[in-house]
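Me: I am new to reading structures and would like to work through this one step by step. Please start with a term I will need along the way.

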Amino acid sequence: MAEGGGGPARRKALSLLEAARSRYESLQISDDVFGESGQDSSGNPFYSTSADSRSAASSQDEDDDEEDQGRPGVAVPGGPGPMDEEEEEEAEKGGWTRSLRDVPPPHFKDGSGPTRKMPLTASAMDFFQLFVPDNVLKNMVVQTNMYAKKYQERFGSDDAWIDVTLTEMKAFLGYMISTSIHHCESVLSIWSSGFYSNKSIALIMTQSRFEKILKYFHIVAFRSSQTTHSLYKIQPFLDSLQNGFDSAFRPSQAQVLHEPLIDEDPVFIATCTERELRKRKKRKFSLWVRQCSSTGFICQIYVHLKEGSGADGLDALKNKPQLHSMVAKSLCQNASGKNYIIFTGPSITSLNLFEEFEKQGIYCCGLLSTRKSDCTGLPPSMLNNSATPQSRGQYRIRMKGNMSLICWYNKGHFRFLTNAYSPVQQGVIIKRKSGEIPCPLAVEAFAAHLSYICKYDDKYSKYFISHKPNKTWQQVFWFAISIAINNAYILYKMSEAYHVTRYSRAQFGERLVKELLGLEDTSPTH
């Protein structure tokens, strides 16, 4: 495209981009909550778009697009492929038909956003304590002291130990949270004289006192006689955190079920020696979330343990797609009757699950994989790749009730199952080099929402607490604390307090650390 400003090609590209932006806004895609620029999802094989994307050329005029939109089986270029009599007969047996009809979108009745108005003077601590209030911290104090007493009764007294206080517990959390801002090999590096030392906060508590609290730190000191859950040491905190999420925020209609990035910072890992990496134990759990795709707010957390002895252990979960539906049901147990649209990956997407969710007033749009998905009830002809060459943007659709099965080609076959979007409505995927690629609206919606979650993951995964304990319950706890801080920052960005202080995510984390440590410096860090 020429650099000069007024050529017809440039004007047309800009108008197409504006039309696409309007469509994304109608799909409730908001700006990056972290307010930081990042690369687009160019690694995604079927989606790539950004604010500065430009379509140099388009194979169809906008008028042609408007004429074709809404017609069953129309795609540009190529359109739906032909279906032979054998495939037609096979699809009809399962109730799937080539005849398409318009499906109205599910009506969303609830409002979305924060449930309470925070004052202009609200601090980082105020937002954090929406999820981790003082009564939770006081319980940590009580349980830690109880565990220390029990431990010393069994293994001998510890003369250096004195009961921890609420102020010390807040400082303890502050030191741990500081590793999410300044990644280091160990939290003890704060008191070292090396590169990762942090003299500005090291004087609040001695290293020996911190290590004593770390040694005895507990959420639940004793196992109840009726307790059989493997996460009994962390479950009360997870329940309290969930109550905080539910009471502080109402998610938008579009949400995503997925496993967030909870691995260690790649830059930090690159600096570790092979010996240090070998010392780090492999995670024994899988963490799944239900996440609002408009804001990035994580609405619900579900933890699955590897060492579960039953059929729902993580090892079985990886090999049996139907068990992923159990995860989805757990994450959506509070979503019934609200007409949410849930986006899912291949391991969760299945016809039986989507039909069950539809009866509960939950609508879905998911990516299918013949290797990872439960394809029971789907016509085999739609799961096999066509032997004839396909052109980009060509697709086939079959319909059963309100459910649509889409096979769309873009340098590979991508299959989608949805009851949330009409099969006769067209969308578009914007590629920097290739211009616009036509697709059903469900494909565009999936790409837009999942791309936003990928960008969110790229941002918030940098702010997970670096401390990696060996005990599984402690690993889950620090991951949950990290998620709570990210959620707190999202609420801060949506509040009036943000327009006063305008902290970045890193500054918000530093402010929280200082407030937990009781430091009086209230000026933002630049």
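Reply: Happy to help! A polar contact is a pair of N or O atoms within 3.5 Å; within protein, one must be able to donate a hydrogen and the other to accept it, and residues adjacent in sequence count only if both atoms are side-chain atoms. This is a predicted model, where local features need pLDDT of at least 70 and side-chain atom pairs count only at pLDDT 80 or more, while totals for chains, interfaces and linings use all residues. Residues are numbered from 1 along each chain as its sequence is written, and side-chain values use heavy atoms, with hydrogens and water left out.

Me: Which residue has its backbone oxygen 3.0 Å from a polar atom of the side chain of Thr418?

Reply: Thr418 belongs to strand E10, residues 413-418. Contact means heavy atoms within 4.5 Å, and beyond four places in sequence Thr418 touches Cys365, Asn402, Met403, Ser404, Ile406 and Ala442, among others. The backbone oxygen at 3.0 Å from its side chain is that of Cys364.

Me: Is Thr418 buried or exposed?

Reply: Buried means under 20% relative accessible area, exposed over 50% and partly exposed in between, using a 1.4 Å probe and protein chains only. Thr418 has a relative accessible area of 0%, so the label is buried.

Me: How many helices and strands are there in the chain?

Reply: Helices (H or I, at least four residues) and strands (E, at least two) are DSSP runs, numbered from the N terminus. Counting this way gives 19 helices and 12 strands.

Me: How much of the chain counts as buried?

Reply: The accessible surface comes to about 24,200 Å², with 50% of it belonging to carbon and sulfur atoms. Such areas come from the Shrake-Rupley method with a 1.4 Å probe, and for residues only the protein chains shown count as cover. Of the 526 residues, the buried share is 53%.

Me: Why are H6 and H17 described as roughly perpendicular to each other?

Reply: Angles under 35 degrees count as roughly parallel, over 145 as roughly antiparallel, 65 to 115 as roughly perpendicular and the rest as oblique. The axes are lines fitted to C-alpha atoms, for helices over the stretch in contact, and angles run from 0 to 180 degrees between N-to-C directions. Helix H6 (residues 166-178) and helix H17 (residues 472-493) have axes 11 Å apart and pack at an angle of about 80 degrees. That is why the pair counts as roughly perpendicular.

Me: Which residues of H17 make the contact with H6?

Reply: On the H6 side, the contact is made by Phe172, Leu173, Met176 and Ile177. The H17 side supplies Phe477, Trp478, Ile481 and Ile485.

Me: How do the residues of the contact of H6 with H17 divide?

Reply: Ala, Val, Leu, Ile, Met, Phe, Trp, Tyr, Cys and Pro count as nonpolar, Asp, Glu, Lys and Arg as charged, and the others, Gly among them, as polar. The division here is 8 nonpolar, no polar and no charged.

Me: How do the residues of the contact of H5 with H6 divide?

Reply: Helix H5 (residues 134-155) packs with H6 at about 100 degrees, the axes being 9 Å apart, so these two helices are also roughly perpendicular. Asp134, Lys138 and Thr144 of H5 are among the residues in contact, as are Leu166 and Lys170 of H6. The division is 6 nonpolar, 1 polar and 3 charged.

Me: Which residue offers the backbone oxygen that the side chain of Ser180 reaches at 2.5 Å?

Reply: Ser180 sits in the loop between H6 and H7, and is buried at a relative accessible area of 2%. Not counting residues up to four places away in sequence, Ser180 touches Lys462, Tyr463, Phe464, Ile465 and Ser466. The backbone oxygen reached at 2.5 Å is that of Ile177.

Me: At what distance does the side chain of Trp191 reach the backbone oxygen of Met205?

Reply: Trp191 is found in the loop between H6 and helix H7 (199-202) and is buried, with a relative accessible area of 15%. Trp191 and Met205 are 14 residues apart along the chain, with 9.7 Å between their C-alpha atoms. From the side chain of Trp191 to that backbone oxygen, the distance is 2.9 Å.

Me: Is Thr165 buried or partly exposed?

Reply: Thr165 has its place in the loop between H5 and H6. At 38% relative accessibility, Thr165 is partly exposed.
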